[in-house]
Amino acid sequence: MDFEKFKEYLHESWWDRLKPFIESEECDKIYEFLKHETGRGRKIAPLSSNVWRAFKETPFDELKGIILGFSPYHTFTKDGKPIADGILMSCSVTGYLQPSLENFYMAMEKELGIKSDRNPSLSYLCHQGLLMLNLSLTVEKNKPGSHISIWEPFMKYLFEEVIITTGMPVVLLGKESLRVKKYLSPFTWIIELSHPASAAYIGGEWDSEGMFTKINTILKENNNFEIKWNNTNI
């Protein structure tokens, strides 16, 4: 792939780090697959301009932790817009909270004893150094997790060649996300949880198991920094 076509979708701090992969045959295969699928009428989420958005909103030089989920929202609005916006659980395209994000905020409020603004966009967390990432950057309409295997070479490259997770909190949401464990540094602070979507499917509440507190404890001890979970004005 021509890296020049990708630069505008990435924060410049990622350019040199992601360029080798984007110019590789592995990336060519991903985009050949996506082109083939759209060519035969398959709808793909998110919009092409948002596929790499997590790497636009979170500068590499400010990276403090990672929350990794399953795959982008696979549903579309009535007028044909993908709900996924390129950031894990974020739904800024529609401005309406999806059940998984609703559960995320409810758990946050319950654990921390706060009242959040429940912003449909989670870019405010990205701007504090959290990479809010999906296991696959794309998904076919109404087929959750359909592109996970396609993006696995990228995840392998990202965690083995780019991000050194030593001392960094990495939250793995859902069983599928556990496949990246083999790529992480053995000194990573790994937090394994169910995905908020799993509780949403059965109409229950998601148990964060102290995730928000754990992340801040790790960051405070290692970087003297804490995430402002309910601050949407970062």
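Begin with helix 1 and helix 6 of this predicted model: select both, and you will find that their axes come within 10 Å and cross at roughly 135°. Helix 1 and helix 6 are therefore oblique to each other, since an angle has to be over 145 degrees to count as roughly antiparallel. If you turn the view until one helix lies in front of the other, the crossing of helix 1 and helix 6 is right-handed. Now show the side chains where they touch: helix 1 brings W14, R17, L18, P20 and F21 to the contact, while helix 6 brings P153, F154, Y157, L158 and V162. Sorted by class, the residues of this contact of helix 1 with helix 6 are nine nonpolar, no polar and one charged.

Keep helix 6 (residues 148-162) on display and add helix 2 (residues 25-39), which packs against helix 6 at an angle of about 155°, with the axes 9 Å apart. That angle makes helix 2 roughly antiparallel to helix 6. Here the crossing of helix 2 with helix 6 is left-handed. To see the contact itself, select E26, I30, Y31, F33 and L34 on helix 2, together with I150, W151 and P153 on helix 6. By class, this contact of helix 2 with helix 6 holds seven nonpolar, no polar and one charged residues.

Next, hide the helices and look for the sheet, which is open and consists of four strands in the order 3-2-5-6, with parallel pairing. Which strands stand at the edges? They are strand 3 (130-134) and strand 6 (189-193), and each has a single partner strand, so one side of each is left without a neighbour in the sheet. As you look along the sheet, note that neighbouring strands are turned by 15° against each other on average, direction ignored. Then zoom in on strand 2 (residues 65-69) and strand 5 (residues 169-173), which run parallel and are joined by three bridges. For one place to look, select I66, whose bridge partner in strand 5 is V170.

Finish with the aromatic rings, among which the count comes to 15 pairs. Select F6 and W52 as an example: their ring centres are 5.9 Å apart and their planes stand at 90°, so the pair is edge-to-face. Where do F6 and W52 lie along the chain? F6 is in the segment before helix 1 (12-22), whereas W52 is in the loop between strand 1 (44-45) and helix 3 (54-57), so the pair ties together parts that are 46 residues apart in sequence.

Definitions and conventions
Residues numbered from 1 in each chain as written. Predicted model: local features only at pLDDT ≥ 70, side-chain atom pairs only at ≥ 80, totals over all residues. Heavy atoms only, no water. Axes fitted to C-alpha atoms, helices over the stretch in contact; angles between N-to-C directions. Helix = DSSP H or I, 4+ residues; strand = E, 2+ residues; numbered from the N terminus. Parallel < 35°, antiparallel > 145°, perpendicular 65-115°, else oblique. Left-handed = near helix turned anticlockwise from the far one by under 90°. Contact = heavy atoms within 4.5 Å. Nonpolar A, V, L, I, M, F, W, Y, C, P; charged D, E, K, R; others polar. Pairing = 2+ DSSP bridges. Phe/Tyr/Trp six-rings, centres within 6.5 Å; stacked < 30°, edge-to-face > 60°.
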